[in-house]
Amino acid sequence: MGRQKIARQELKLIGGDTLSEEQKDLVLRQPQLNAIKARIQSAQAAVNQARTNLGRSTITAPFDAHIVNQNATVGSQVSPGDNLGRLTGTDFYWVNITVPVNKLRWLNFQQDSNGNGSTVKIMNETAWGEDAFREGFLDQQIGALDDQTRLARLLVKVPDPLATEKDSNNKPKMIIGSFVEANIQAKEIEDVVRLNRDFIRSNNTVWVMKDGKLEIREVKILLNDAQYAYITEGVNNGEEVVTSNISTVTEGAALRKENDSTATSNSEE
C-alpha cells in the first residue's frame, strides 16, 4: 500500500490522463495489492483452522470416568478412528452375577420410586474384610444363559463404585474384574416352615419326634437358599425336628431328648 501511494504521486507528476483504467491499475500496483490481500486472507484462514485443530486436540469425556488403559500421550499423532484408550464411567458399576433359573421367580426387577430393583449386598471378604460391603440394586436380566454353567445372568447396578461422594467415604472401592459374592433380597415367602438344610435327610425327608417316636416325613420344599430350606408340606410349625444322627433309622423307633439336642421348626409368614 505504501508503494501504491508513491506510484500515485509519480503518476500525478507525469500526468496520467491518457492512460486507460487497466493501465492505471497496473501503474498503481493494484494486482499486486489484490494478491497480497488474498495471501493475508489465506494466512488468517490457516490460523483459524489451526486454532480449531488445537481445540479438538483436547479429549473430553462425555461423562465422569477414569482411564482403564491409555494408547496415546501428549504429542502422539492420531487419525480418525484410532483407539486412544478405554474409559469407565464412575457414576455406576454393573456387577454380573449368575443364579439358577428356578430362582428367577423369587427376584424382583420392578423398580421402586427411586428407579431401583431389589437390594443386593455385594461382598469381597478377601479384599475388603469380613464386615465391609457395598449395596447395589437388581437392574436387569440378560436374555441368554451362561454358555458353560447354564445359569441365568443378571446385572446389578452399584452407585458411586469408587466411593467419591461424602456419604461413601468409609465404603470400600470396587475394582473392575474382581470376583465378589452377592446376596439378593428376594420376594417375601408366606406360609412356609424354615428349616436348616442340614436337617433335610435323603429323598427330601425330615425326622420328626412325635409322642416320643420317630416319624420319617417326606416334605415339599418350595425354595432352598444357602442356609435354609423353606417347606410348604410335611412339617408344621412348632413340631420337634431330630437334628442328631441315628444309627438305625426306623419308622416308629423310640426317641428321647438328650441335652436339648432337638430343634424346633420355625414358621415364616
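**Exercise 1. Identify the residue of β6 that stands opposite Leu138, and place the two strands in their sheet.**

*Solution.* Leu138 stands opposite Val156 in β6. Strand β5 covers residues 134–141 and strand β6 residues 152–159, and the two pair in the antiparallel sense over four bridges. Two strands pair if DSSP finds at least two bridges between them. Strands (E, at least two residues) and helices (H or I, at least four) are DSSP runs, numbered from the N terminus.

The next step is the sheet. β5 and β6 belong to an open sheet of five strands, ordered β3-β6-β5-β4-β7 with antiparallel pairing. Its edges are β3 (92–99) and β7 (181–184), each of which pairs on one side only. From one strand to the next, the twist averages 40°; axes are lines fitted to C-alpha atoms (for helices over the stretch in contact), and angles run from 0 to 180 degrees between N-to-C directions.

The model is predicted: local features need pLDDT of at least 70 and side-chain atom pairs count only at pLDDT 80 or more, while totals for chains, interfaces and linings use all residues. Residues are numbered from 1 along each chain as its sequence is written, and side-chain values use heavy atoms, with hydrogens and water left out.

**Exercise 2. Determine how many salt bridges there are and which residues share partners in a network.**

*Solution.* A salt bridge is a side-chain nitrogen of Lys or Arg within 4 Å of a carboxyl oxygen of Asp or Glu. By this rule, the count is three.

1. Glu240 and Lys257 form a salt bridge at 2.5 Å, N to O. Glu240 lies in strand β13 and Lys257 in the loop between β13 and β14 (263–264), so this pair ties together parts that are 17 residues apart in sequence. Both residues are partly exposed, Glu240 with a relative accessible area of 22% and Lys257 with 43%. Here buried means under 20% relative accessible area, exposed over 50%, and partly exposed in between (1.4 Å probe, protein chains only).
2. The side chains of Glu215 and Arg217 meet at 2.9 Å, N to O. Glu215 is partly exposed at 24%, whereas Arg217 is buried at 15%.
3. Glu239 bridges to Arg217, with the closest N and O atoms 2.6 Å apart. This pair links distant parts of the chain, 22 residues apart: Glu239 is in the loop between β12 (228–233) and β13 (240–241), and Arg217 in strand β10 (residues 213–218). Glu239 is buried, at 16%.

Salt bridges that share partners therefore join Glu215, Arg217 and Glu239 into one network.

**Exercise 3. State whether Thr90 is buried or exposed, and list its contacts.**

*Solution.* Thr90 is found in the loop between β2 and β3. Its relative accessible area is 17%, which makes Thr90 buried. With contact taken as heavy atoms within 4.5 Å, Thr90 touches Asp64, Ala65, His66, Asp160, Pro161 and Leu162, not counting residues up to four places away in sequence.

**Exercise 4. Locate Val78 and classify its accessibility.**

*Solution.* Val78 lies in the loop between β1 (65–70) and β2 (85–89). At 46% relative accessibility, Val78 is partly exposed.
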